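Work through these exercises with the sequence and the model side by side. Try each task before you read its solution.

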Amino acid sequence: MDEVLGALQALLAPPRHMLLILAAGWLGLHLADRRAGQYGLASQELDNIAGAGMLAFILGGRMGYVLIHAAVFIQAPAGIVSLNPGLFSPLLGGAAALAASAAYVWQRRLALTRVLDALTPLLAILAIGAGLSNLASGAAFGKPSDVPWSITLWGAQRHPSQSYETLAATLTMLAAWRTSAAERSGTAFAIFAAWTAGWNIFLRAFRAEGTWLPNGTRLDQVAAWLALFVALVMLDLLSEEPAEIKTARH
Amino acid sequence: MQPTERRTLFGLILVVGLAWIGLSADPAGHAAVANATAPQVGLRAPDFVLSSLDGNRIRLSELGGKAVVLNLWATWCPPCRAEMPALEKAYREFAADGLVVLAVNATTQDDIAAVQPFAEELGLTMPILLDAQGLVSKTYQLRSLPSTFFIDRTGAIREVVIGGPMSEALLRIRIGAILG
């Protein structure tokens, strides 16, 4: 009985802020499902993509972590099925999720840009959920500051960086949501990507923690700039008149 | 918008972004974070001094140069009990490499008379500290038992595991990281 109770306690133990991410995922998928028809997709297709992605994220993240630390898990194999979320590689989980989702899209012969557009509400709500989750846990905390709206966190007055990021993610969601499905396929996703990359370049400067390059530049800002570059190229290409219209004019 | 105007605007956005990255670069950023003290990953572990079961006084800051696993626990907490053998095993295995395991009993929410029998029953040889005034629980913002802080040789917190029991694999990987 104690073992069962122990397992239940472990399942419901902190970090409870992860529940915010789960709630955001549920809400985002609900909104994406509602709009799926506008992009010529069945909501069931989106559910399957999200389900395959989530399953691959969990399995890929854990198995990737086990492979990276294979020597340790050979000594203590029970850890492979441990409920502790710390035994996880988010990067490899994300890669597995992308691969599984892409495989589903390819196998079902769906148009990738339409799928990305349809999934944009899910991604945008997840970004809001991540901000709220960081606010709840105190992670991704801001630099010390004496601005009037600073918050007391981890022993200092700090920029409420989590609030900045939540607000920016909400504005991004609104911008992507306002994009009409009549726009060229891929536009909603490109707008979401450009806004998200843009505010990350700006707002990451207010975070206290992060990864720095030797000259003091933040690695996450550089990655966001590269993402912004790709998103703007995508938007530029999408803004071009389709070839068939040009041909018809001539 | 004409293609030329659009590309000019996009180019401008990219240049402004690049300029902001340069302007907001902070060569001292990492050091500034590492010097702050709080029970949070990346920050310095708050100092404390506590008495152990055998009457010794241990101050965290006096363990300089050693990696520390700080585990907060109570005798009535099943996950705490479940992870104790793995902590004890790690303490014995890695002590020679410079690891210290401090098992801090959250005495304000425990029965102090139960601590010694608990340690004897599990054959614990690692230092058992008594947080009789609840100062460590308060300073480390204890939210759930067990809670474990992995502190590297410089005194910075590298990982916080809230809840348990921790698997042996998790413990070994985190200890490997703080031993460097």
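Start with burial in chain B: of its 180 residues, 50% count as buried, where buried means under 20% relative accessible area, exposed over 50% and partly exposed in between (1.4 Å probe, protein chains only). This is a predicted model, in which local features need pLDDT of at least 70, side-chain atom pairs count only at pLDDT 80 or more, and totals for chains, interfaces and linings use all residues. Residues are numbered from 1 along each chain as its sequence is written, chains are lettered from A and ligands numbered from 1 in the order in which they are written, and side-chain values use heavy atoms, with hydrogens and water left out.

**Exercise 1. Describe the fold and spread of chain B.**

Step 1. Count the elements. Chain B has six helices and seven strands. Helices (H or I, at least four residues) and strands (E, at least two) are DSSP runs, numbered from the N terminus.

Step 2. Read their order. The pattern along chain B is α-α-β-β-β-α-β-α-β-α-β-β-α.

Step 3. Judge the spread. Chain B has a radius of gyration of 22 Å, well over the 16 Å that the globule rule gives for 180 residues, so chain B is more spread out than a compact globule. The radius is taken over C-alpha atoms, and the rule is 2.2 Å times the number of residues to the power 0.38.

Step 4. Check the box. Along the principal axes, the C-alpha atoms of chain B fill roughly 80 × 30 × 30 Å.

Step 5. Look at the contacts. Take those in chain B between residues at least 6 apart in sequence: 71% join residues at least 24 apart. A contact means heavy atoms within 4.5 Å.

Step 6. Add the charges. Chain B carries 15 positive and 17 negative side chains, and the centres of the two sets lie 8 Å apart. Lys and Arg count as positive and Asp and Glu as negative; His and the chain ends are not counted. Each charge is placed at NZ of Lys, CZ of Arg, CG of Asp or CD of Glu.

**Exercise 2. Do the same for chain A.**

Step 1. Count again. Chain A has ten helices and two strands.

Step 2. Find the strands in the order. The pattern is α-α-α-α-α-α-β-β-α-α-α-α.

Step 3. Turn to burial. In chain A, 45% of the 250 residues are buried.

Step 4. Take the surface. Chain A exposes about 13400 Å², with 70% supplied by carbon and sulfur atoms. Such areas come from the Shrake-Rupley method with a 1.4 Å probe; for residues, only the protein chains shown count as cover.

**Exercise 3. Is A:T179 buried or exposed, and which residues does A:T179 touch?**

Step 1. Locate A:T179. The loop between α7 (161-178) and α8 (187-203) of chain A holds this residue.

Step 2. Apply the cut-off. A:T179 is buried because its relative accessibility is 7%.

Step 3. List the neighbours. Leaving out residues up to four places away in sequence, A:T179 touches A:R35, A:Y39, A:T187, A:A188 and A:I191.

Step 4. Find a polar partner. A polar atom of the A:T179 side chain lies 3.1 Å from the backbone oxygen of A:A175.

**Exercise 4. Place B:L60 in its surroundings.**

Step 1. Find the loop. B:L60 sits between β2 (57-59) and β3 (67-73) of chain B.

Step 2. Check burial. B:L60 has a relative accessible area of 9%, so B:L60 is buried.

Step 3. Name some partners. Beyond four places in sequence, B:L60 touches residues including B:P46, B:F48, B:L102 and B:I151.

Step 4. Take one distance. B:P46 is 14 residues from B:L60 along the chain, and their C-alpha atoms are separated by 8.3 Å.

**Exercise 5. Find unusual backbone geometry.**

Step 1. Recall the rule. Most residues other than glycine have a negative phi, and most peptide bonds are trans.

Step 2. Look for cis bonds. The bond from B:L145 to B:P146 is cis, with omega near -5°. The bond from B:G164 to B:P165 is also cis, with omega near 0°.

Step 3. Look for positive phi. A:R109 is not a glycine, yet its phi is about 55°. A:W154, not a glycine either, has a phi of about 50°.

Step 4. Check accessibility. A:R109 is exposed at 74% relative accessibility, whereas A:W154 is buried at 11%.

Definitions and conventions. A polar contact is a pair of N or O atoms within 3.5 Å; within protein, one must be able to donate a hydrogen and the other to accept it, and residues adjacent in sequence count only if both atoms are side-chain atoms.
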